[in-house]
Amino acid sequence: MNILINNWADTATTTASPAMVAGLTEQNLKVLERSLTARTTSTVAQTINLTWSNLQLFSGFALCRLAGFSNNATLELWLYDDINQTGNVVFNQQINMITIVGWGNFNWGETWGQSIFAGQEDRTFCSMWFNAVLATSVKITFSDSTPLGSYFDLGRLYLGSSITPQSNISVGMSHGLIDDTELVRMDSGILKSFQNQEPYISLGFSLPMLDDSERAIFFRWLKSGGKRKDVFVSVFPEEEGAKFVDFSLQAKIMENPQFVALTGILWENNQYKIEET
């Protein structure tokens, strides 16, 4: 399991080339509201640059709520050890933005070659996890040879340091959809649905064994961000199909977990409750 906890993208000086649509610029990558996206003016190759005044620690990336991209879209990420995309490249990787159903992630009933987000297009995202590096600037480029429309939409950008506990979640994890749809029996006898909002994912889990250094990292994350800041969570980052999609989400902690001492140096971290945002 990986949790991207320190989202340095929110504090970066961010620019885009070509320029994005007025009012729907790259600055919207820093906000959580779903109605505020970053929208390109066309489907030509796009670059987003981020820079900071000091070195920051990076080990994860996620770009969420993507729209307009086909299965041929690609994204490349560069991290530099100096400002304004200069100095040494400390990390570089290119990925397919939209994973397709194929060998290793095919499930009964799916269509071979379709996006793994089919039926959940509003949750389309791409992500990377890598060994921690220090960087002062970042370049993101993406392109699509067969775009689905005349522009691309990008939602939330997560780029920063992550937690990866040595021991994964314990048996008994809960995962499901919260649906506040109200069912009302009408005079005609039919049962009518009144939906207030879209269903969202809820995730509950415990971490069975943390050493004291991991406890300290988790505790400082909960203290500095906790319920106040959103994170990106991937429970099964090594997967590629439906399991990967269903257990990856933009989220906030709803309940702060308790740390229970097992020994002087080992801790159990109980009752995480996380909900999609």
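**Warm-up.** At what relative accessibility does Asp212 count as partly exposed? Asp212 has 33% relative accessibility and therefore counts as partly exposed. The scale used here calls a residue buried under 20% relative accessible area, exposed over 50%, and partly exposed in between (1.4 Å probe, protein chains only).

Some ground rules before you go on. This is a predicted model, where local features need pLDDT of at least 70 and side-chain atom pairs count only at pLDDT 80 or more, while totals for chains, interfaces and linings use all residues. Residues are numbered from 1 along each chain as its sequence is written, and side-chain values use heavy atoms, with hydrogens and water left out.

**Exercise 1. Follow the salt bridges of Arg156 and describe the network they belong to.**

*Step 1.* Start with the whole structure: a search finds six salt bridges. The criterion is a side-chain nitrogen of Lys or Arg within 4 Å of a carboxyl oxygen of Asp or Glu.

*Step 2.* Pick out the partner Asp10, whose closest O atom is 2.7 Å from the closest N atom of Arg156. Arg156 sits in the loop between β8 (153-154) and β9 (157-163), and Asp10 in the loop between β1 (2-7) and β2 (13-17), so this salt bridge ties together parts that are 146 residues apart in sequence. Strands here are DSSP runs of E with at least two residues, and helices are runs of H or I with at least four, numbered from the N terminus.

*Step 3.* Now find Asp230, which meets Arg156 in a salt bridge at 3.0 Å, N to O. This pair links distant parts of the chain, 74 residues apart, with Asp230 in the loop between α1 (212-224) and β14 (231-234).

*Step 4.* Compare the surroundings. Arg156 is buried, at 2% relative accessible area, and Asp230 is buried as well. Asp10, at 31%, is partly exposed.

*Result.* Asp10, Arg156 and Asp230 are linked in a network of salt bridges.

**Exercise 2. Find the partner of Arg215 and place the pair in its helix.**

*Step 1.* The side chain of Arg215 meets that of Asp212 in a salt bridge, 2.9 Å from N to O.

*Step 2.* Both belong to helix α1; they are three residues apart, so about one helical turn separates them.

**Exercise 3. Which residues touch the most other members of the largest nonpolar core?**

*Step 1.* Such a core is a set of buried Ala, Val, Leu, Ile, Met, Phe, Trp, Tyr and Cys residues joined through side-chain atoms within 4.5 Å.

*Step 2.* The largest one has 34 residues, and Leu50, Phe61, Leu75 and Leu154 touch the most other members. Elements giving two or more residues to this core are β4 (46-64), β5 (74-82), β6 (86-96), β7 (125-143) and β9. The top contributor is β7, with eight residues.

*Step 3.* Look around Leu154: its contacts (heavy atoms within 4.5 Å) include Met20, Leu29, Ile48, Phe69 and Phe142, not counting residues up to four places away in sequence.

*Step 4.* Apart from this core lies another, of 24 residues, among them Ile3, Trp221, Ile253 and Trp267.

**Exercise 4. Describe the setting of Thr124 and Ser115.**

*Step 1.* Thr124 is in the loop between β6 and β7, and Ser115 is in the loop between β6 and β7.

*Step 2.* Thr124 is buried at 7% relative accessible area, and Ser115 is buried at 16%.

*Step 3.* Beyond four places in sequence, Thr124 touches Leu63, Cys64, Arg65, Leu66, Ile98 and Phe117.
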